[in-house]
Structure formats: C-alpha cells, structure tokens
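Q: Please take a close look at one part of this structure. Describe its surroundings as well, and work from the residue level outwards.

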Amino acid sequence: MKFQKKNMRSRHYLFIFVGVCFLLIGISVFAGGVLSPVKALATGILSPMQKGINSIGNGIFSWNENIKTKEQLKEDNKVLQEKIDSLKMQNRILSQDQIELERLQELLKLKAKYKKYSTVGARVISKGSGNWFEIFAIDKGSKDGIKKNMNVIADNGLVGIVYDVSDHYAKVRTIINDTSMVSAMFLKTKDSCIVRGSLSTMSDGYLEVVYIDKTAKVKEGDELVTSYLSSKFVEGLSIGKVSDIKLDSTKLTKTAKVTPIVDFKHLKEVLVITDLKENVNLDEKTKE
Amino acid sequence: MRLKRTLFYILSVIFCFLLQTSVFQFLKLADVMPNVLLILTVTLGLIRGKKAGIGIGFSCGLLIDIFFGDVLGQYALLYLLIGYINGCFNSFFYEDDVLLPFGLLVINTLAYSFAIFFFFFALRGRFAFFSYLKDIMIPEAVYTGLIALPLYKLLLFIDVRISDSEKRSMF
C-alpha cells in the first residue's frame with residue numbers, strides 16, 4: 001500500500017514537471033520576451049563564476065607560452081622586426097594609393113565603398129554545454145550595447161552572430177554550427193553562394209559551400225567574404241579560402257569546400273561589430 | 001536536515017554546470033568534452049530515486065536552456081526524462097555495486113547522443129550518422145565514462161554522509 005502511494009506520487013511529479021516543460025516551450029515559442037527577466041537573473045548569478053573560472057583556466061593553460069627561452073624570443077623578435085620593416089614599406093605605398101583613391105573618388109563623387117565598422121571587444125566566458133552545437137557566450141550584453149543579430153569577428157575573420165542577449169551576457173552562434181547558413185560571395189568575382197555550417201565536415205576542418213553558379217569563374221584559393229545580399233551579415237567580412245571546387249551532382253551548381261580563417265578551437269577574445277545590417281526583408285523564410 | 005540535502009542538490013547542480021561549461025573546455029580530449037550534467041542526473045536519479053532524478057534533471061536541463069538554448073524547456077524535458085528513467089533502477093541499487101551505475105552512465109550517454117542526433121539533426125535532414133558516431137558519440141561516451149567513476153564515488157560519499165546524519169537526527 002505504501003509502495004503504491006509512493007509510486008503514484010513520483011508519477012504525479014513526472015506529469016507536473018513535463019507539463020512545466022511544455023508550458024515553458026510554449027511560452028518561449030509564442031512569447032519569448034516574457035522569460036527574459038528569468039534568464040537575466042540566472043545568467044547574472046552564474047556568469048561571473050564562469051568568467052572567473054575561465055580567466056584562471058586561461059592562466060593555467062597558457063603556461064607553455066610563458067616558458068619560451070631567451071634565444072627563441074630573440075629569434076622571434078628578429079623575424080618580426082624584418083616583417084615590420086617590409087610591412088612599413090608596404091604601408092607607405094598603400095597610404096599613397098589611399099590618398100590617390102580618395103582624390104579620385106572625390107573627383108567622381110563616389111562614396112567610400114567599404115564603411116569602417118565600429119567594434120566592441122568581448123571575452124569568451126563559456127562554451128556550449130555539449131559537443132553537438134558550436135555555441136559560446138561572451139561577457140557583454142544589452143547593457144554594453146550588444147543587440148541581437150550583431151556580427152562577431154576574430155582574427156579578421158567571421159566568427160558568427162549574436163542570437164540571444166541578456167544584461168551582461170550574450171550568446172553567439174558560430175558559422176560552423178550545424179544550423180547556420182551564411183550568404184557569401186567570392187571577393188574577386190562577386191559570385192554569390194551559401195556557406196553551410198556542418199558538424200560532420202568541420203571535424204575534417206572545412207565547411208561546405210553550395211549554390212555557386214555553374215558558369216562562375218572561380219578557382220581554388222579564392223577568398224570568400226560575406227555577401228552584400230545577406231540580410232544579417234554586414235558586407236565584406238572574410239570567411240576563408242576556397243578549395244576543391246566541383247560540379248554538383250545535379251549539374252546545375254558547383255559546390256566547394258572552405259577552410260575558415262578563424263581558429264574556432266582557441267577563441268578567447270572576439271570583436272562584436274555594433275553596426276547592424278539595415279535591410280528590407282523581402283523573404284521572411286530565408287534563415288541565416 | 002532537509003535543508004542540508006536541498007543545499008547539496010543546488011550546489012552540485014551549479015558545480016557541475018560550471019565544470020561543464022567552463023572547466024572542461026580546457027580539458028577536451030579528442031575534441032569532445034564529457035557530459036557532467038548527465039552524470040549528475042543519472043547518479044542522483046539512481047541513488048535517490050525518481051523524484052530526485054526528475055528534480056535534478058529538470059534543473060540541469062533548464063540551466064542549459066537558459067544559457068545556450070533557443071527555446072526554453074527542450075533540454076529540461078530531455079534531462080528530466082533521463083532522471084526519471086534512471087530513478088526506476090533505484091530498487092536495484094546497492095552502494096557497493098559499481099557495474100550497474102557505470103553501465104547505466106555509458107548507456108545513458110549514448111542514448112542522450114542518439115536523442116540529440118534524432119531530434120536536432122536527423123529531423124533536419126542531416127543523416128551522416130556514422131561520422132557523428134565516430135567523431136562525437138563514442139569519444140563522448142568513453143570520456144564521460146572515465147570522468148563518471150570518480151564523480152559518482154564523490155556524489156555517493158556525500159549522499160551517504162547526509163543520509164547518516166539524517167538517520168541520526170531521527171532518533
């Protein structure tokens with residue numbers, strides 16, 4: 001008798017909690033904003049702890065960077081110094097070109113084509129809880145001016161997009177996440193294509209590029225950047241170098257592989273571009 | 001004495017969540033990290049029965065949802081079901097037995113991976129099952145199994161201490 005009673009009670013427990021789960025799913029699908037204070041509370045309590053652990057962890061696991069010998073450092077310094085010299089030279093030439101460009105643009109009354117994007121630096125404080133989705137969290141949130149759909153970059157390459165924000169915490173979905181799609185183009189030829197995040201190909205270090213035009217004159221080693229067509233990504237952010245271009249099995253489009261510039265395994269600091277892409281939404285269904 | 005137990009549950013959930021999201025990203029082996037929250041849910045479900053399994057599973061899943069999910073409640077549901085199912089094995093549980101908890105942990109990790117694969121990948125048309133199996137599921141199960149033993153022993157130890165003090169206060 002007693003056993004039965006206990007059993008019933010645990011089953012009631014189950015039903016109540018499953019009910020709560022479905023309620024939560026329902027609320028967050030149909031009225032997501034209602035739950036944001038709860039999220040803000042939880043992240044507010046736990047994210048400082050994550051931040052602390054993360055900084056300690058970074059300190060411990062970068063110990064091998066601190067034990068370089070004097071000779072190594074000298075050699076590095078020499079190489080870098082040479083690099084600086086050559087870059088200085090290049091820079092001088094480029095700045096002359098820039099002046100020339102500005103003069104000519106003014107002459108033709110053209111606006112500058114690539115705007116400079118303003119950025120905010122942020123620290124990665126935790127990674128997604130499993131091995132299935134490439135998601136991470138940064139220590140800046142809406143109070144620091146971060147908004148949903150802002151682009152995130154690191155090492156001069158595209159990392160991902162902010163998909164949820166709370167007060168001092170924002171979640172970033174990387175472009176290698178299995179659910180993400182980025183509309184991209186070839187820097188040289190402006191042929192547009194789609195970079196598809198994929199877990200199964202990323203374990204071999206590349207992403208799939210699909211829907212390249214059959215007639216596009218592209219070759220291996222070309223650089224891919226975010227497209228002007230994209231509705232969420234600002235134009236001209238570098239994604240990676242293309243390889244292995246081949247005709248699709250449908251014979252209508254080409255597919256390729258792209259190796260991302262960003263080292264996704266060792267992300268510590270990222271930059272968030274605070275300019276949002278302004279766009280008129282033509283097609284609601286396109287998901288990026 | 002209820003207070004002590006509740007405190008133990010809350011602290012262990014928070015501790016495991018921090019382990020999972022912050023500490024183990026530095027300790028990845030073969031590019032996977034172990035699922036510490038799953039270990040916690042399974043272990044406490046097994047030791048304390050269905051109700052504890054449901055409660056712990058729900059809070060673990062909810063934390064994941066809050067921090068990384070798009071929709072609140074999906075991981076909470078998955079984890080609480082795992083907690084409930086493992087609570088059913090409570091009547092077969094003996095403190096000295098290692099084989100049952102260890103076997104359950106590995107089976108649960110695989111089952112969890114299959115569930116994630118089915119609901120979040122196969123339903124979207126990504127069927128590269130064997131590549132997922134090779135790159136994620138099996139390494140994750142092995143690593144989780146390795147981490148599980150010490151963590152299981154630790155949780156059991158604390159739980160036994162709390163139960164003892166509860167019993168003592170009854171008389």
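A: What follows starts with a pair of isoleucines in chain A, moves through that chain, and ends with helices and cysteines in chain B. The model is predicted.

Start at Ile175(A). It sits in the loop between strand 5 (169-174) and strand 6 (181-186) of chain A. Is Ile175(A) buried or exposed? Its relative accessible area is 2%, so it counts as buried, the cut-off being under 20%. Set aside the neighbours within four places in sequence, and Ile175(A) touches Leu158(A), Val159(A) and Gly160(A). It also meets Ser180(A), Val182(A), Gly197(A), Leu207(A), Ile239(A) and Phe264(A).

One of those partners, Ile239(A), is worth the next step. Ile239(A) belongs to strand 10 of chain A. Its relative accessible area is 1%, so Ile239(A) is buried. Which residues does Ile239(A) contact, beyond four places in sequence? The list includes Leu158(A), Ile175(A) and Val182(A). Ala184(A) and Val195(A) are on it as well. So are Leu224(A), Val225(A) and Thr226(A). Thr259(A), Pro260(A) and Ile261(A) complete it. Leu158(A) and Val182(A) also appear among the contacts of Ile175(A).

Val29(A) gives a reference point for the two isoleucines. Ile175(A) is 146 residues from Val29(A) in sequence, and their C-alpha atoms are 23 Å apart. For Ile239(A), the separation from Val29(A) is 210 residues in sequence and 32 Å in space, C-alpha to C-alpha.

Strand 10 also leads to a serine. Ser227(A) lies in the loop between strand 9 (223-226) and strand 10 (238-247) of chain A. Ser227(A) counts as buried because its relative accessibility is 0%. Beyond four places in sequence, Ser227(A) contacts Ser183(A), Ala184(A) and Met185(A). Phe233(A), Glu235(A) and Lys277(A) are its other contacts at that separation. Ala184(A) is a contact of Ile239(A) too.

Two loop residues of chain A stand out by backbone geometry. Asn149(A) is not a glycine, yet its phi is positive, about 70 degrees. Asn149(A) sits in the loop between strand 2 (135-138) and strand 3 (151-154) of chain A. At 25% relative accessibility, Asn149(A) is partly exposed. Lys190(A), also not a glycine, has a positive phi of about 65 degrees. Its loop joins strand 6 and strand 7 (192-196) of chain A. With a relative accessible area of 31%, Lys190(A) is partly exposed.

Now the whole of chain A. It has five helices and 12 strands. Of its 288 residues, 37% are buried. Take the contacts in chain A with a separation of 6 or more: 58% of them link residues 24 or more positions apart. One stretch carries an annotation. The unreviewed UniProt entry marks residues 70-97 of chain A as a "coiled-coil region". In the model, that stretch is 100% helix and 0% strand, with its end C-alpha atoms 40 Å apart.

Chain B comes next. Its unreviewed UniProt entry gives the annotation "transmembrane region" to residues 7-26, 61-86, 98-121 and 141-162. Residues 7-26 of chain B are 85% helix and 0% strand, and the end C-alpha atoms lie 28 Å apart. Residues 61-86 of chain B are 81% helix and 0% strand, and here the end C-alpha atoms lie 15 Å apart.

How do two helices of chain B pack? Helix 1 (residues 2-23) and helix 2 (residues 36-48) of chain B have axes that come within 8 Å and cross at roughly 155 degrees. An angle over 145 counts as roughly antiparallel, so helix 1 and helix 2 of chain B are roughly antiparallel. By class, their contact has 10 nonpolar, two polar and two charged residues. From helix 1 of chain B come Arg5(B), Phe8(B), Tyr9(B), Ser12(B), Val13(B), Cys16(B), Phe17(B), Leu19(B) and Gln20(B). From helix 2 of chain B come Val36(B), Leu37(B), Leu40(B), Leu44(B) and Arg48(B).

Cys16(B), in that contact, leads to the cysteines. How many disulfides does the structure hold? Zero, over all chains. Cys60(B) is in no disulfide, and the nearest cysteine sulfur, that of Cys16(B), is 6.9 Å away. Cys60(B) has 0% relative accessibility, so it counts as buried. In chain A, Cys193(A) is at 3% relative accessibility and therefore counts as buried.

Notes: Residues numbered from 1 in each chain as written. Chains lettered and ligands numbered in written order. Predicted model: local features only at pLDDT ≥ 70, side-chain atom pairs only at ≥ 80, totals over all residues. Heavy atoms only, no water. UniProt positions renumbered as here; feature names shortened; annotations may be inferred. Helix = DSSP H or I, 4+ residues; strand = E, 2+ residues; numbered from the N terminus. Disulfide = S-S within 2.5 Å. Buried < 20%, exposed > 50% of the residue type's maximum accessible area, 1.4 Å probe, protein only. Axes fitted to C-alpha atoms, helices over the stretch in contact; angles between N-to-C directions. Parallel < 35°, antiparallel > 145°, perpendicular 65-115°, else oblique. Contact = heavy atoms within 4.5 Å. Nonpolar A, V, L, I, M, F, W, Y, C, P; charged D, E, K, R; others polar.
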